[in-house]
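Colleague: Could you take me through one part of this model at close range, and then show me how the rest is held together? I work at the bench, so plain words are welcome.

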Amino acid sequence: MHVVVTGSSGRLGRSVCAGLAASGHTVVGVDRAPARLDGVDERPIDLRDEPAAQELLDQLRPDAVVHLAGIAVPFSAPEREILVTNTTLAHTVLAAAARAGAGRVLAASSPTVIGYGAPGWRAASVPIDETHPAHPANAYALSKIVIEETVRMFSRTAATAFGFFRPCYVISPEEWAGAPTQQGHTIAERLADPALAAVSLFNYLDARDAAAFVDAWLSAPAEEVDGEGYFVGAGDALATRPVAELWREYAPALGEAADALEGTRPVFSIDKAAERLGWRPERDWRGELAAASAVPTESRAS
Ligand SMILES: NC(=O)c1ccc[n+]([C@@H]2O[C@H](COP(=O)([O-])OP(=O)(O)OC[C@H]3O[C@@H](n4cnc5c(N)ncnc54)[C@H](O)[C@@H]3O)[C@@H](O)[C@H]2O)c1
């Protein structure tokens, strides 16, 4: 497939481009800043320029568009800027993709749409799946709800199959080896202090597993993706102890239903993606940290 990936230079985009290229897709990366990605045709543009975005997609006429570009961290910019940027970029890219005749369009949403972290928030059910109510509590989460509704609007009105996914806290390959995560601390620190991972309900996702999800989404039957959303996360929790032991101290909003999360079970369910798309994550933090610590420091840097 000929696939355009926006946000191709980002934490998620780099791995998605690499994974799609490795599985035989022809990949064009679109980002403000190129990242010199192997095997990827990179087109640096600012997607706030709507005519430029339309011109590029008209010229490329891709089979599919994966829209990842945007402001990816809550409160990392003024609230209004996050809302305006994320919703405008998404509408620009989705509309341009439909007009250019792309057959499939996938947009990145976020698990934050359900509202965890807000004062008084309580999980309606655990494990949390796609039926959980959405109660966005900041501009980032609100922008993602608007993106999900934008996806549904195009799904209803365009011939293209539109869908979204909610990736859990993304960890790129270099972060397993000790590079700082998006919150500035390392994975080892996130594991040592459960309060750090509790903020996102101990969720995480290896960026390469996210790439495999995108690949599975692109080849799934249209009825499994059109207008649909999927949680995409690891098969375990980012915690050294079961969440059933941790929630009372670190994540009381989960409530007693979290007692069901025995062993390594994660808070977010990925059953829908497994059952309907045949996707399952292949990596977990124990394996990735062990592999990273087995690699000599000099080799990691090169
Ligand atoms: N990283 C996570 O844990 C996580 C979790 C849930 C959802 N998401 C979503 O996944 C997507 C990718 O996240 P990420 O972690 O890779 O983010 P990132 O910040 O690493 O990458 C985003 C990319 O978008 C590009 N971009 C931003 N504005 C642009 C513009 N106007 N024109 C062109 N390019 C622009 C940036 O240059 C950057 O390379 C985002 O939509 C984010 O909200 C990420």
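**A close look, starting from one leucine**

Modeller: Happy to. Leucine 56 is a residue of helix H2. Please keep in mind that this is a predicted model. Is leucine 56 buried or exposed? Its relative accessibility is 9%, so leucine 56 counts as buried. Leaving aside residues up to four places away in sequence, leucine 56 touches Val30, Arg43 and Ile45. One of these, valine 30, is 26 residues away along the chain, and its C-alpha atom is separated from that of leucine 56 by 9.4 Å.

Now for the helix around that leucine. Helix H2 covers residues 50-60, helix H3 covers residues 79-99, and their axes come within 9 Å, crossing at roughly 35°. The crossing of H2 and H3 is right-handed. Which residues meet there? From H2 come Glu50, Ala53, Gln54 and Leu57, and from H3 come Thr92, Val93, Ala95, Ala96, Ala97 and Arg99. Sorted by character, the residues of this contact are six nonpolar, two polar and two charged.

A second helix pair is worth your time. The axes of H1 and helix H8 (residues 207-219) come within 8 Å, and they cross at roughly 55°. An angle like that makes H1 oblique to H8. The crossing of H1 and H8 is right-handed. On the H1 side the contact is made by Arg11, Leu12, Ser15, Val16, Gly19 and Leu20, and on the H8 side by Ala207, Arg208, Ala210, Ala211, Val214, Asp215 and Leu218. The residues of the contact of H1 with H8 divide into eight nonpolar, two polar and three charged.

On to the charged pairs. How many salt bridges does a search of the whole structure find? The search finds 16. One of them pairs glutamate 174 with arginine 14, with 2.9 Å between the closest N and O atoms. Glutamate 174 belongs to helix H5 (residues 173-176) and arginine 14 to helix H1 (residues 11-22), so this pair ties together parts that are 160 residues apart in sequence. How open are the two partners? Glutamate 174 counts as partly exposed because its relative accessibility is 38%, and arginine 14 is also partly exposed, at 29%.

Arginine 208, which you met in the contact of H1 with H8, has a salt bridge too: its side chain meets that of aspartate 206 at 2.7 Å, N to O. What is the relative accessibility of aspartate 206? The value is 2%, so aspartate 206 counts as buried. Arginine 208, with a relative accessible area of 27%, is partly exposed.

Another salt bridge brings together the side chains of aspartate 259 and arginine 248, at 3.2 Å from N to O. Aspartate 259 sits in the loop between helix H10 (243-250) and helix H11 (271-277), whereas arginine 248 is in helix H10, so the pair ties together parts that are 11 residues apart in sequence. Aspartate 259 is partly exposed, its relative accessible area being 32%. Arginine 248 is partly exposed as well, with 48%. Elsewhere, Glu224, Glu228, Lys272 and Arg276 are joined into one network by salt bridges that share partners.

Finally, a few spots in the backbone deserve a look. Most residues other than glycine have a negative phi, and most peptide bonds are trans. Where does a cis peptide bond turn up? Valine 126 and proline 127 are joined by one, with omega at about -5°. Proline 127 is in the loop between strand S5 (104-108) and helix H4 (139-157).

Phenylalanine 75 is not a glycine, yet its phi is positive, about 65°. You will find phenylalanine 75 in the loop between strand S4 (64-67) and H3. Its relative accessible area is 57%, so phenylalanine 75 counts as exposed. Leucine 201 is not a glycine either, and its phi is positive, at about 55°. Leucine 201 lies in the loop between helix H7 (194-198) and strand S8 (205-206). With a relative accessible area of 4%, leucine 201 is buried, whereas phenylalanine 75 is exposed.

Technical notes: Residues are numbered from 1 along each chain as its sequence is written. This is a predicted model: local features need pLDDT of at least 70, side-chain atom pairs count only at pLDDT 80 or more; totals for chains, interfaces and linings use all residues. Side-chain values use heavy atoms; hydrogens and water are left out. A salt bridge is a side-chain nitrogen of Lys or Arg within 4 Å of a carboxyl oxygen of Asp or Glu. Helices (H or I, at least four residues) and strands (E, at least two) are DSSP runs, numbered from the N terminus. Buried means under 20% relative accessible area, exposed over 50%, partly exposed in between (1.4 Å probe, protein chains only). Axes are lines fitted to C-alpha atoms, for helices over the stretch in contact, and angles run from 0 to 180 degrees between N-to-C directions. Angles under 35 degrees count as roughly parallel, over 145 as roughly antiparallel, 65 to 115 as roughly perpendicular and the rest as oblique. A crossing is left-handed if the near helix is turned anticlockwise from the far one by less than a right angle, and right-handed if clockwise. Contact means heavy atoms within 4.5 Å. Ala, Val, Leu, Ile, Met, Phe, Trp, Tyr, Cys and Pro count as nonpolar, Asp, Glu, Lys and Arg as charged, and the others, Gly among them, as polar.
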